[in-house]
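Hi,

Here is the structure I promised to pass on. Have a look at it first, and then read my notes below.

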Amino acid sequence: MWPSDMTKDYQNSPMVTSDQLRTRRERPRRVKMLTRDFIEDSLYNPSYGYFSKQAVIFTPGEPFEFNNLQDEPEFSKLLGERYTQFEDKLDEKHPNESRQLWHTPTELFRPYYGEAIARYLIENYKLLQYPYNDLIIYEMGAGNGTLMLNILDYIRDTEPSVYDRTKFKIIEISSSLAKLQQQHLMQSLDSKGHHSKVEIINKSIFEWDQLVPSPCYFLAMEVFDNFAHDSIRYDPVTEEPLQGTVFIDKKGDFYEFYEPHIDPVASRFLRVRHAATGGSYSHPLNSSKILRKLKAIMPFAPNLSQPEYIPTRLMQFFDVLGKYFPGHRLLTSDFHDLPDTIRGVNAPVVQTRYQRRTVPVSTPFVHQGYFDILFPTDFNVMELMYRAITGKLTRVLTHEEFLRRWAYVEETQTKNGENPLLTWYKNASVLTTV
Ligand SMILES: C[S@@+](CC[C@H](N)C(=O)[O-])C[C@H]1O[C@@H](n2cnc3c(N)ncnc32)[C@H](O)[C@@H]1O
């Protein structure tokens, strides 16, 4: 992992971070950076990042009437049609062959998904805080703002006394999505009514520096998957870890390097993970040491293991929660498994959309801003790390188990008894603080 003809250029180039690149309008050249900084810059750079420029979150318009649909295939078909209509409408205004369009359970199952979460919030609030504290809800990464509106509508309509004491604050990194959330809030008379309860804070959670001492609920739905990760490979014989960096040359081509120096953030991650899990987690070196030594002396044996992608940003998010939100209770949902990932342990899916088709690629080092880079979350490990960092206890349920508890599942049942709210997103889990 040391592209030899590039070594000199690599060594002579400056190391930059995603923070240093935030004010740049052009993609950088002749620099090197850690894998996590490259991913962060690709996804979130205010000028050319994926979430600033390209991303559009599908919304179905009128909620689906599941009770009037025959079965899941009819739901899929209808969803396909609504997708096409949604994109045709966007193309009428601004044709765009590389528009990045995706959907989330919040949108597909609105308002039922948001109402299930609202029930969870109301019940826990009434049990633990009412009437001594207000119901304060933070949502990190609110997309179109749909979950917020569905939750506030439900609280207003079912629990007026709780609604009187509710405040909802969004923390959103993308300024275009923050604007959209504000627009959706002001769109109808009904939603405008929530205005005095809502604050939309357009900043990254990693810039957060205010102490929130009151008890609060912290929502994060499908945000962890887009948190930047570091890449680590190991020497198969000595087991020494090496940290991934990428060099971008003067033409904008990418070269991957691995350095034996591990930066303090990745190094802390490796230490905390080891301590929190007692050493039990998936690892690229999980075959026996003797076997590895034998393999290493074979001709053409790779000199490093496969990469593993470690969620350093997720660990830093837990640090923010622990430090600034001591009274929080977290409710988060994300993918525990993803299909079509690139090679490696805990590896991401890297994909783009072109002419309305998904195009997967095999490396994260691709033209910044055009590709979604999304990672699965290892809930077993992350739950233990969250507990170790925040000192709180947790429960992990599958998406289905959580919704069986909190949704009115009859509302999303089709005529033949199938239930897409429960059976779609089989690869998602929900973690809550208990
Ligand atoms: C995949 S979308 C999910 C949107 C919404 N939660 C839903 O489920 O429909 C991820 C959201 O997280 C936001 N986001 C990502 N990283 C963030 C960060 N560091 N701080 C705040 N928001 C972030 C994105 O801009 C986007 O709104």
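How do the residues of the shell around the ligand divide into nonpolar, polar and charged? There are 11 nonpolar, 7 polar and 3 charged residues in that shell. Before you go further, please keep in mind that this is a predicted model. In total, 21 residues surround the ligand. If you want to find the spot on screen, look for Thr 104, Gly 141, Gly 143, Ile 173 and Ser 174, which are the closest.

**Helix α7**

Next, go to helix α7, which covers residues 112-128. I checked its length against what you'd expect. Its 17 residues, at 1.5 Å a residue, should span 24 Å, and the C-alpha atoms at its two ends are 24 Å apart, so the two values agree.

Which residues of α7 are buried? The list starts with an unbroken run, Tyr 112, Tyr 113, Gly 114, Glu 115, Ala 116, Ile 117 and Ala 118, and goes on with Tyr 120, Leu 121, Ile 122 and Tyr 125. As background for reading that list, an α-helix has 3.6 residues a turn, so residues three or four places apart point the same way.

α7 also packs against helix α8, which is made of residues 146-158. The angle between them is about 55 degrees, and their axes are 8 Å apart. That angle makes α7 oblique to α8. As for the hand of the crossing, α7 passes α8 in a right-handed one.

**Two cis peptide bonds**

Both loops that I'd look at here have α7 on one side. Pro 111 is in the loop between α6 (105-108) and α7, and a cis peptide bond joins Arg 110 to Pro 111, with omega about 0 degrees. Pro 131 is in the loop between α7 and β4 (135-140). Tyr 130 and Pro 131 are likewise joined by a cis peptide bond, again with omega of about 0 degrees.

**Positive phi angles**

Two residues other than glycine caught my eye for their phi values. Arg 30, in the loop between α2 (18-21) and β1 (31-34), has a positive phi near 55 degrees. Glu 222, which you'll find in the loop between β7 (216-221) and β8 (230-234), has a positive phi of about 55 degrees.

Are these residues buried or partly exposed? Arg 30 counts as partly exposed because it has 14 C-beta neighbours inside 10 Å. Glu 222 has 20 such neighbours inside 10 Å, so it counts as buried.

**The loop between β12 and β13**

This loop runs between β12 (328-335) and β13 (349-354), and Asn 346 lies in it. Leu 338 has its place there too, and so does Pro 348. Here is how they compare:

- Asn 346 counts as buried, because it has 21 C-beta neighbours inside 10 Å. Its C-alpha is 7.7 Å in space from that of Thr 377, although the two are 31 residues apart in sequence.
- Pro 348 is buried as well, with 23 other C-beta atoms within 10 Å. Between Pro 348 and Asp 372 there are 9.5 Å, C-alpha to C-alpha, and the pair is 24 residues apart in sequence.
- Leu 338 is partly exposed, since 15 other C-beta atoms lie within 10 Å. The C-alpha atoms of Leu 338 and Arg 36 are separated by 20 Å, with their positions 302 residues apart along the chain.

**One last residue**

Where is Glu 411 placed? Look in the loop between α16 (399-406) and α17 (420-423). Glu 411 counts as partly exposed, because it has 17 C-beta neighbours inside 10 Å. Measuring from C-alpha to C-alpha, you'll get 43 Å between Glu 411 and Phe 365, which are 46 residues apart in sequence.

That's what I have for now. Enjoy exploring.

Best wishes

Methods
Residues are numbered from 1 along each chain as its sequence is written. This is a predicted model: local features need pLDDT of at least 70, side-chain atom pairs count only at pLDDT 80 or more; totals for chains, interfaces and linings use all residues. A residue is near a molecule or strand if its C-beta atom, placed from the backbone, lies within 6 Å of it. Ala, Val, Leu, Ile, Met, Phe, Trp, Tyr, Cys and Pro count as nonpolar, Asp, Glu, Lys and Arg as charged, and the others, Gly among them, as polar. Helices (H or I, at least four residues) and strands (E, at least two) are DSSP runs, numbered from the N terminus. The expected span of a helix is 1.5 Å times one less than its number of residues. A residue is buried if 20 or more other C-beta atoms lie within 10 Å of its own, exposed if 12 or fewer, and partly exposed in between; C-beta atoms are placed from the backbone. Axes are lines fitted to C-alpha atoms, for helices over the stretch in contact, and angles run from 0 to 180 degrees between N-to-C directions. Angles under 35 degrees count as roughly parallel, over 145 as roughly antiparallel, 65 to 115 as roughly perpendicular and the rest as oblique. A crossing is left-handed if the near helix is turned anticlockwise from the far one by less than a right angle, and right-handed if clockwise.
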